[in-house]
Amino acid sequence: MTCPNSVKTGHWPLSHLPHPLEAIRQFTPNWFAATMGTGVLALALAQWPAEVPGLHQVAEGFWWLTIALFLLFTAMYTARWVLFFDEARRIFGHSTVSMFFGTIPMGLATIINGLLVFGMPRWGDGVEEVAQLLWWLDVAMSLACGILIPYMMFTRQEHSIDQMTAVWLLPVVAAEVAAASGGLLAPHLLDAHGQLVMLSTSYVLWAFSLPVAFSILTILLLRMALHKLPHESMAASSWLALGPIGTGALGMLVLGADAPAIFAANGLPGVGEIAAGLGLVAGLTLWGFGLWWMLMAVLITRRYLREGIPFNLGWWGFTFPLGVYSLATLKLGSTLHLGFFSVFGAVLVAALAVMWLIVAKRTVQGAYKGELFVSPCIAGLRK
């Protein structure tokens, strides 16, 4: 199916597209990165270490915006598969765009976490059943991304070390994000056995993701040493490495905090105490590793800025990794009762809010004009 070749001029909505339907034809999963960035900002603002009047309401507003964006993007991407099936399926052979399938379950995870932070105070414990259902859906999607996309890399796609970027992390990190969400949700379940099932599943998801992500990070270090930095259009990818590290730290801290009560309720008190200690040590250790990556990303971004960075949807890569690292920092502050982590976490959340405003403004402008609706999978096809 093709779009009529009507020509638009001026500054009307989608004026850069030959036809409004082209926005659906060119829609890709990259857009779901905006739900990740917006959702994590909502969660981070809700964890602000000091009492600020109205801040919780602002955070909840961002959560509602995340839900609206997720529903809109889901409708548009579904429409693309219905209306332009032959072109939509080309994504599985594309070495970059296919990686962004992982942004879909990760965006959903921020909505699930928001149900616990914002939904439960508003609607009560009945929200837990909805969150649990969505979480298992998120787990299924994360596992599918973590297996099928790497399989496509091994069998159908063309890759080379010199063209590698941190976007390789996106499909495998989704399971790690689901693990952290499971850790937040498990204590809210009424059944002790159900809590144990969710906690155990979350540990498996964490292990399903983190070692693979660290393997990719190792290759990424070699790639950057040998072939230097990626093209300016991939500048934001330097922050993506912070994602699995921050999420890994947050996951271990959250799961470790749940472990004593849940394991004890299931007749395994000793295991719970060990898990709590391991969670704290692992979370602190991963946080330190994340600090190295964050400082490196700052230096790399500063170098890119001197040369100019073209705007694209990849700029949302500046937000979610910083967001999860902020949440891990704030969690360390509340767990260890050390003021440094609370203050530093607040600084990171403030930086996240500023970055979100910059990226969101550019995204709205680009979406209004239609400039951001570009599918590299079909870029060479006639319209």
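This section describes the overall fold, two helices, selected residues and the aromatic contacts of a predicted model.

The confidence of the prediction is summarised by an average pLDDT of 94 over the protein chain, with 96% of the residues scoring at least 70. A stretch at the start of the numbering departs from this picture, since pLDDT stays under 50 over residues 1–10. For that segment the model nevertheless has 23 contacts beyond four places in sequence, and these contacts are to be read together with the pLDDT of the residues that make them.

The secondary structure of the protein chain consists of 12 helices and 0 strands, so that the pattern read along the sequence is α-α-α-α-α-α-α-α-α-α-α-α. The radius of gyration is 21 Å, close to the 21 Å that the globule rule gives for 383 residues, and the chain is therefore as compact as a globular protein of that length. Along its principal axes, the C-alpha trace spans about 65 × 50 × 45 Å. Of the 383 residues, 53% count as buried. Among contacts between residues at least 6 apart in sequence, 81% join residues that are at least 24 apart.

Two of the helices were examined for their length and their burial. Helix α2, which covers residues 32–46, has 15 residues that should span 21 Å at 1.5 Å a residue, and its end C-alpha atoms lie 22 Å apart, in agreement with that expectation. Helix α2 is mostly covered, with 14 of its 15 residues buried. For helix α11 (residues 320–336), the corresponding expectation for 17 residues is 24 Å, and the end C-alpha atoms are 24 Å apart, which again agrees. Helix α11 is likewise mostly covered, as 13 of its 17 residues are buried.

The residue that comes just after α11, His337, takes a positive phi of about 55°, although His337 is not a glycine. His337 belongs to the loop between α11 and α12 (339–369), and its relative accessibility of 68% is over the 50% cut-off, so that His337 counts as exposed. A positive phi in a residue other than glycine is also found at Lys228, where the value is near 65°. Lys228 is placed in the loop between α8 (192–227) and α9 (242–265), and with a relative accessible area of 53% Lys228 is exposed.

Two residues within helices illustrate the covered part of the model. Trp135 lies in helix α6, residues 127–155, and is buried, with a relative accessible area of 0%. When residues up to four places away in sequence are not counted, Trp135 touches Ile112, Ala178, Ser181, Gly182, Leu185, Met198, Thr201, Ser202 and Leu205. The C-alpha atom of Trp135 is separated by 36 Å from that of Pro310, a residue 175 places away along the chain. Asn113, in turn, is found in helix α5 (residues 103–123), and its relative accessibility of 11% is under the 20% cut-off, so that this polar side chain counts as buried. Leaving aside neighbours within four places in sequence, Asn113 is in contact with Leu43, Ser181 and Leu184. Ser181 thus appears among the contacts of Trp135 and among those of Asn113.

The aromatic side chains were considered last. The structure holds 30 aromatic pairs, one of which is formed by Trp81 and Phe85 with a centre-to-centre distance of 5.6 Å and an angle of 65° between the planes. Because planes over 60 degrees apart count as edge-to-face, this pair is assigned to that class. Both partners are partly exposed, Trp81 with a relative accessible area of 22% and Phe85 with 44%. Trp81 and Phe85 also belong to a cluster in which ring pairs link Phe27, Trp31, Phe32, Phe70, Phe73, Tyr77, Trp81, Phe85, Phe92, Phe101 and Phe373. A further contact involves a charged side chain, as Arg362 lies over the face of Trp315 at 5.4 Å from the ring centre.

How values were computed: Residues are numbered from 1 along each chain as its sequence is written. This is a predicted model: local features need pLDDT of at least 70, side-chain atom pairs count only at pLDDT 80 or more; totals for chains, interfaces and linings use all residues. Side-chain values use heavy atoms; hydrogens and water are left out. Rings of Phe, Tyr and Trp (its six-membered ring) pair if their centres lie within 6.5 Å; planes under 30 degrees apart count as stacked, over 60 as edge-to-face and the rest as tilted. Buried means under 20% relative accessible area, exposed over 50%, partly exposed in between (1.4 Å probe, protein chains only). A charge sits over a ring if NZ of Lys or CZ of Arg is within 6 Å of the ring centre and within 35 degrees of the ring normal. Helices (H or I, at least four residues) and strands (E, at least two) are DSSP runs, numbered from the N terminus. The expected span of a helix is 1.5 Å times one less than its number of residues. Contact means heavy atoms within 4.5 Å. pLDDT is the predictor's confidence in each residue, from 0 to 100. The radius of gyration is taken over C-alpha atoms; the globule rule is 2.2 Å times the number of residues to the power 0.38.
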